[in-house]
Amino acid sequence: MNESHPSTAVPSTTTAEPGEPGCAGGLTVLDLPDLPGPVDAPDGTADDRTAPSAVVQDRLAGRLSDITSLHEHTERLARARGLTATLDTVLASGAALLGARRGMLVTRRPGGGPGQPVGFNLDRASLGALETVPAEQSLLARLLRELDRPAHMHSRDLAEDPAIGARLRELAVHLGLGGAYGLPLATDEDGPLAAALWFYDEPGEPTGCQRELARHYCEIAAPLLAKQLETDRIARTTEALRRGLLPDRLPRAAGLRLAARLVPAGLERSSGSDWYDAIPLPDGTIGLTVGSVSGDGPGAGPGSAPGAAAAMGRVRAALRAYAVLEGEDPVSVLGDLELLLKTTEPTRTATAVYAWVEPEERRITLAGAGHCPPVLVGRHGAEFVETSLSAPLGMLTCWEAPGVGFTAERGDTLLLYTEGLARRCGPTLHTGQANLRRAAADAPRDVRIDPDRLCAHLLAVCPDRETPGTATDDLMLLAARFE
């Protein structure tokens with residue numbers, strides 16, 4: 001394995017051998033050739049015999065082809081959306097520029113060292129095997145060094161290279177890896193961000209021109225990757241904080257089994273934030289609630305989603321307090337929440353449903369505010385629990401709606417959900433609600449008797465009508481089965 005450090009790396013003016021495949025006929029990618037110009041003839045006219053030769057013209061054509069190829073790959077990278085797509089594009093484009101067939105890439109962890117690998121034409125088992133290479137033998141780890149980081153690494157034959165550790169030589173034979181070529185992706189501001197290693201099926205290495213193309217490509221890719229990594233870090237941090245505003249576990253109660261599912265939309269696309277909760281009350285009963293806080297008033301867009309998430313945390317905390325004080329009266333709980341919302345969150349609205357449950361008696365009293373009607377799933381099907389029509393909290397001068405009371409049968413399951421799930425199940429809200437009820441009624445018996453499996457089933461059978469990664473509504477589902 002050969003390492004080239006920045007101070008000893010092959011300079012950019014190094015030329016490849018004429019006729020190498022995929023290179024600009026002996027010219028580097030970005031350097032202009034020193035072409036001979038026409039010489040004046042004795043009579044003062046230009047002598048065309050000294051014009052550039054056909055060989056130089058071929059080299060110019062090759063150079064143009066290389067620049068075009070590099071431009072196409074960088075355009076493809078610029079169109080990539082999200083960190084995963086960016087990493088996949090870097091690997092695929094690097095393989096095309098180097099003439100390799102497989103590759104792997106790792107990003108650098110905040111504390112240093114390689115993170116989870118991403119593969120190109122490598123299955124999960126192969127990636128897992130390559131992860132077993134000890135850190136001191138890892139080629140990718142060397143490319144991620146803060147200090148003494150090589151500009152590139154290459155081996156003509158991994159299986160026979162004496163500089164390669166025994167484990168990597170063994171895997172090269174087992175996985176059919178021939179030559180390898182690796183490059184770091186780094187910027188002056190951020191240092192090493194990632195390292196990529198491409199593999200050939202047979203012993204060999206890239207040409208000089210292929211190396212130049214790949215090096216220039218990685219130099220362009222590194223700052224774009226830095227932005228994607230920062231965006232991903234912020235999104236994961238924000239999502240962790242957002243999930244921290246919701247219960248980390250559901251309470252246990254005799255005669256009642258609870259399960260919940262949350263599939264949050266990205267905060268950069270969402271215009272609101274949903275909650276769910278199960279609140280143990282002092283008298284042994286349970287308060288169940290789901291709801292959604294909208295952005296900064298009517299017409300609020302995705303830019304207000306982080307604020308809505310914070311407001312959701314405040315509203316949920318207040319609802320818990322009201323439930324402890326007067327949880328047996330859902331109308332009073334939502335009425336108090338309405339007053340708080342109008343007083344402290346005047347530019348926001350919320351929909352909610354709150355149910356007071358006596359597990360042993362299987363008695364339920366609930367009220368809703370502009371929210372989707374709950375579904376009661378029993379042995380003979382599923383029916384809506386029709387709550388009175390009412391506006392969302394914060395919309396009217398004074399919110400008021402009667403409560404609804406009923407007794408469930410042993411084995412029934414009460415489903416509370418938010419609008420995002422209903423809209424996922426159909427082209428309109430009404431159709432989506434009907435489809436969700438039908439999916440619950442048609443669930444197999446062994447699924448209906450397990451609230452956790454029922455939640456998973458409903459998320460699976462309701463078709464996702466949005467392009468993956470573009471959801472604008474949270475998906476929230478809370479199931480309570482009476483036993």
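The following exchange introduces a predicted model of a protein chain.

Biologist: What should be known about the model, and how many helices and strands does the protein chain have?

Modeller: This is a predicted model in which local features need pLDDT of at least 70 and side-chain atom pairs count only at pLDDT 80 or more, while totals for chains, interfaces and linings use all residues. Residues are numbered from 1 along each chain as its sequence is written, and side-chain values use heavy atoms, with hydrogens and water left out. Helices (H or I, at least four residues) and strands (E, at least two) are DSSP runs numbered from the N terminus, and the secondary structure comes to twelve helices and 18 strands.

Biologist: Are helices H10 and H12 parallel or oblique to each other?

Modeller: The axes, lines fitted to C-alpha atoms over the stretch in contact, with angles from 0 to 180 degrees between N-to-C directions, come within 10 Å and cross at roughly 130° for H10 (residues 429-441) and H12 (residues 451-461). Angles under 35 degrees count as roughly parallel, over 145 as roughly antiparallel, 65 to 115 as roughly perpendicular and the rest as oblique. H10 and H12 are therefore oblique.

Biologist: Is Arg-362 buried or exposed?

Modeller: Arg-362, whose phi is near 60°, a positive value in a residue other than glycine, lies in the loop between strand E12 (350-358) and strand E13 (363-369). Buried means under 20% relative accessible area, exposed over 50% and partly exposed in between, with a 1.4 Å probe and protein chains only. With a relative accessible area of 17%, Arg-362 is buried.
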